[in-house]
Amino acid sequence: MPNRSTQPTVATVPLLLQEWSPLNDLRPDEVTLGSARRVMWVCSVCSRHWQAMVSNRHYRGSGCPSCAQAARRRPRSDLSALQVAPRLAAEWVPELNPGIDLTWYAPHSKTLVVWRCPDCGHQWTSRIATRVAKHTGCPRCTAAARRGRRRGRRR
Ligand SMILES: [Zn+2]
Ligand SMILES: [Zn+2]
């Protein structure tokens, strides 16, 4: 093997190898995965070219910026989390989630956001998907309701 370095190269990672642009001067087996070199990539989904550091792609999982932007703009399913679970609107507080909007996210989104209970004012952090799929509510009110039920108290 003519490989001078013991470090794994781009050629050992199928996804990176597939997206390696022919415009690069170097071959994928000449660049290690930890390299800070900026090279050209071709998106396997939208075929656009972009430039990114090799180590960012491998260790940080960065991908095609065009596809990432498109995914941010529209949820993968047609319905947003808010359409599927309109009750979440009452617990959504824009000031607690600056720069984002609940209508941007799909019901299965793993984005962590802050919620506020309209009944007791408690704030908690939970993923959108968890709230939509598990019908979880305010943890404080849920715990209080559970305690009340156990003791059989009416009020
Ligand atoms: Zn793309
Ligand atoms: Zn509550």
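I began with Arg 38 and looked up its bridge partner in β2, which is Met 53. I note at the outset that this is a predicted model.

From that pair I went on to the strands themselves: β1, residues 38–42, and β2, residues 49–53, pair in the antiparallel sense over five bridges. I then asked myself which residues of β1 make up its covered face, and found Val 39 and Trp 41 there, whereas Arg 38, Met 40 and Val 42 belong to the uncovered face.

Next I followed the chain from β1 into β2, which together form a hairpin with six residues between them, and in the turn I noted Ser 47, whose phi is positive at about 65°. Is Ser 47 buried or exposed? I entered Ser 47 as exposed, because I found 9 C-beta neighbours inside 10 Å and the limit for that class is 12 or fewer. I also looked up Ser 47 against Cys 64, which stands 17 residues away along the chain, and recorded a separation of 9.3 Å between their C-alpha atoms.

I then turned to another loop, the one between β3 (112–116) and β4 (123–127), where Cys 120 is found. Cys 120 too went down as exposed, since 10 other C-beta atoms lie within 10 Å. Which residues is Cys 120 in contact with, leaving aside its neighbours within four places in sequence? I listed Cys 138, Arg 140 and Cys 141. For one of these contacts, Arg 140, I added the C-alpha separation from Cys 120, which is 8.0 Å for two residues that are 20 apart along the chain.

Methods. Residues numbered from 1 in each chain as written. Chains lettered and ligands numbered in written order. Predicted model: local features only at pLDDT ≥ 70, side-chain atom pairs only at ≥ 80, totals over all residues. Buried ≥ 20, exposed ≤ 12 C-beta atoms within 10 Å, placed from the backbone. Helix = DSSP H or I, 4+ residues; strand = E, 2+ residues; numbered from the N terminus. Pairing = 2+ DSSP bridges. Contact = placed C-beta atoms within 7 Å.
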